[in-house]
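Please open the structure in your viewer and keep the sequence visible beside it. The tour below proceeds one selection at a time.

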Amino acid sequence: IVQFVPITSKIKRADLPVHTILETNFLIKPSMALCEQVQMKPRKTVEGYIDWRKGCIGRLSYGDMYNISYGIAVQLGYAFMINTNACNQQQYAMAY
């Protein structure tokens, strides 16, 4: 099972904490993660979207991943548990 957050190029209500604007180079249009719509799919269903030559579609910065994690935490009611000092680290996560 793979857990993911859908993204859209329709930027609406960016002021909500569950809507995260993504700052990436690999998406054609400015996009937003919809953290209130966390979904789960079987891995076999998602594998068709992965470019195996690159290993992934693109990479999100640590800041984007932090903001997505925060949006999910807000949606689930766990926002008080997020460490706000952690966003200074320079790490990357894969976006499949």
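**A guided tour**

Under the rule that pairs a side-chain nitrogen of Lys or Arg with a carboxyl oxygen of Asp or Glu within 4 Å, the count comes to one salt bridge. Please bear in mind throughout that this is a predicted model.

**Stop 1: the salt bridge.** Select R13 and D15. Their side chains meet in this salt bridge, with a distance of 3.3 Å from N to O. In general, side chains of opposite charge can pair when their charged atoms come close. Is D15 buried or exposed? D15 has a relative accessible area of 60%, and is therefore exposed, since the cut-off for that term is over 50%.

**Stop 2: the whole chain.** Now display the entire protein as a cartoon. Two helices and seven strands can be found in the protein. Followed from the N terminus, the elements appear in the order β-β-β-β-β-α-β-α-β. The protein has 96 residues, of which 28% are buried. If the surface is shown, the accessible area of the protein comes to about 7,000 Å², and carbon and sulfur atoms hold 54% of it. Among contacts in the protein with a separation of 6 or more, 64% are between residues 24 or more positions apart.

**Stop 3: an open sheet.** Select residues 7-8, 19-22 and 31-34, which are β2, β3 and β4. These three strands form an open sheet in the order β2-β4-β3, and their pairing is antiparallel. Why is one side of β2 and of β3 left without a neighbour in the sheet? Both strands stand at the edges and each has a single partner strand, so one side of each remains without a neighbour there.

Next, focus on β2 and β4. The two strands run antiparallel and are joined by two bridges. One residue to select is I7, whose bridge partner in β4 is A33. Then add residues 62-76, which form helix α2. Helix α2 packs on the sheet and touches β3 and β4, and its direction makes about 170° with that of β3.

**Stop 4: a serine in the sheet.** Finally, select S31, which is found in strand β4. S31 counts as buried because its relative accessibility is 6%, and the cut-off for buried is under 20%. A polar atom of the S31 side chain lies 3.0 Å from the backbone oxygen of K29. Beyond its neighbours within four places in sequence, S31 is in contact with T8, S9, I11, T20, I21 and L22.

Conventions: Residues numbered from 1 in each chain as written. Predicted model: local features only at pLDDT ≥ 70, side-chain atom pairs only at ≥ 80, totals over all residues. Heavy atoms only, no water. Helix = DSSP H or I, 4+ residues; strand = E, 2+ residues; numbered from the N terminus. Buried < 20%, exposed > 50% of the residue type's maximum accessible area, 1.4 Å probe, protein only. Contact = heavy atoms within 4.5 Å. Areas by Shrake-Rupley, 256 points an atom, 1.4 Å probe, with all protein chains shown as cover. Pairing = 2+ DSSP bridges. Axes fitted to C-alpha atoms, helices over the stretch in contact; angles between N-to-C directions. Polar contact = N/O pair within 3.5 Å; in protein donor to acceptor, adjacent residues only side chain to side chain.
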